[in-house]
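The following questions and answers concern salt bridges and surface exposure in a predicted model. Please consult the sequence and structure shown here.

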Amino acid sequence: MEKMWAGRAAKGPEQIADEFNSSIRFDSRMYPQDIQGSLAHAAMLTKQGILSAEDQQAIAEGLGGILADLDSGKLAIDPTAEDIHMFVEAELTARIGDAGRRLHTARSRNDQVAVDLRLYLRQEVDQLAELLRQLIAAVTGQAEANVDTILPGYTHLQRAQPVTFAHHLLAYAMMFMRDIGRLQDAAARMNESPLGSCALAGTTYDTDREFTALQLGFARPCFNSMDGVSDRDFCVELLAALSLVMVHLSRFAEEIVLWSSWEFKFVELDDGYTTGSSIMPQKKNPDMAELVRGKTGRVYGDLVAMLTVLKGLPLAYNKDMQEDKEAVFDAVDTVKDCLGIFAPMVATMTVKKENMLSAAQKGFINATDLADYLVKKGMPFRTAYKITGQLVALCIAKDTVLEQLPLADYQSFSPLFEEDLYQAIDLKTCVEKRASQGGPAQASVLAQLAYVKEFLK
């Protein structure tokens with residue numbers, strides 16, 4: 001295929017250089033956006049009297065046919081084409097002749113690829129946000145079923161204070177809600193049209209960039225033509241948002257790996273989201289969660305790659321910027337895959353409520369409440385703290401828990417202990433007393449659930 005830019009050079013590039021230069025193997029996924037941008041550009045050229053109505057009709061019909069044939073598989077993308085833009089233009093010219101050659105008037109591949117990429121990523125953001133909503137819905141479903149399920153809350157991976165499983169899960173719902181907000185923020189800033197910026201300095205033709213921006217659903221044109229073709233901030237911002245999605249998925253995955261182990265046994269994953277061992281028949285491995293955790297580094301790498309590509313580039317367009325698409329496409333694909341597997345994995349896991357409660361009881365996580373009991377009866381906190389620590393040590397020595405220690409043992413440390421202490425340190429009481437906004441008490445958790453459900457609407 002003859003290069004569209006042929007003319008200046010005495011000969012074409014060597015095959016090895018041609019293959020190295022080509023981007024068709026990864027930018028071909030943008031063919032719908034490329035055609036969408038070209039249709040808007042042709043309509044603008046016709047409106048401005050730069051292109052005849054007959055040529056526009058031929059272009060529109062030709063591009064429509066190419067889109068239909070690519071969608072159906074009737075037309076295959078030529079792997080020897082330099083990029084998707086050149087492939088579509090060459091195919092259009094082969095079908096309609098000179099009208100196809102006029103399409104590129106007042107346009108460069110620099111603004112063409114920039115508009116294609118923004119259109120493509122804008123669409124992907126919508127899909128990513130929907131996948132996050134599905135995950136939030138799965139988390140919310142499990143939370144609703146476990147409003148009263150008590151388990152230890154941890155700090156330093158040490159049992160700390162009693163919470164409910166719903167309270168714990170809703171922390172992740174809040175993270176994923178923020179992720180949607182970040183994606184929407186990124187989409188809002190990428191929603192400016194670079195079309196009409198041309199190579200870097202605009203054009204001498206009387207074009208209407210407001211028209212093409214409106215046709216393509218952009219909020220406005222980019223205000224500076226050099227920035228229009230060289231800006232990839234929107235890629236970096238999207239990659240940063242996706243990296244945070246993966247932070248949250250990876251943290252959740254780590255907890256699922258722990259919870260599903262025999263050491264915790266807080267949850268059991270559905271067989272459909274686990275694998276076995278080739279040599280140990282008893283194994284049920286949380287491979288999906290582990291893979292999500294592992295793929296996190298891949299998305300981080302895409303972000304670092306994009307930042308590194310951009311860090312030393314002079315204005316305006318440079319071929320280095322062709323490296324933007326593989327990084328951002330890989331991150332988008334990876335996050336979509338992870339979200340797609342995570343939501344049903346969470347929705348189908350079985351919660352082992354008794355194991356969670358047992359762990360809470362054995363962790364002395366009501367020790368703070370025991371100290372508070374004494375403080376409310378007039379004892380200084382530091383004294384109460386010391387006595388409570390001594391009582392925990394006694395329980396460990398007797399292989400029992402605070403709830404089962406006899407009242408006589410309590411009263412040997414302080415006469416302030418009375419029968420009502422057992423109610424005070426009951427785990428359900430401990431949870432319900434934590435009724436501050438955002439806490440694990442039932443009223444607070446129900447308020448959090450209502451907040452998340454309203455968001456999902």
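Q: What is the distance between the closest N and O atoms in the salt bridge of K457 with E454?
A: This model is predicted. K457 and E454 form a salt bridge. K457 counts as exposed because its relative accessibility is 79%, and exposed residues lie over 50%. The closest N and O atoms of the pair are separated by 3.7 Å.

Q: Which residues are joined into one network by salt bridges that share partners?
A: One of the salt bridges in the model is formed by the side chains of K284 and E268, at 3.0 Å from N to O. K284 lies in the loop between β5 and α12, and E268 in strand β5, 16 residues apart. The network created by shared partners consists of E268, D271, K284 and K352.

Q: Are R434 and D369 buried or exposed?
A: The side chains of R434 and D369 meet in a salt bridge of 3.0 Å, N to O. This pair links distant parts of the chain, with R434 in the loop between α19 and α20 and D369 in helix α15, 65 residues apart. A residue under 20% relative accessible area is classed as buried. Both R434 and D369 are buried.

Q: Which residues make the nonpolar surface patch of about 260 Å²?
A: M226, in helix α10, belongs to this patch. M226 counts as partly exposed because its relative accessibility is 31%, and patch residues must have over 30% relative accessible area. The patch is made by L200, M226 and L315.

How values were computed: Residues numbered from 1 in each chain as written. Predicted model: local features only at pLDDT ≥ 70, side-chain atom pairs only at ≥ 80, totals over all residues. Heavy atoms only, no water. Patch = residues over 30% accessible without salt bridge, like charges linked within 9 Å, V, L, I, M, F, W, Y side chains within 5 Å. Areas by Shrake-Rupley, 256 points an atom, 1.4 Å probe, with all protein chains shown as cover. Salt bridge = Lys/Arg side-chain N within 4 Å of Asp/Glu carboxyl O. Helix = DSSP H or I, 4+ residues; strand = E, 2+ residues; numbered from the N terminus. Buried < 20%, exposed > 50% of the residue type's maximum accessible area, 1.4 Å probe, protein only.
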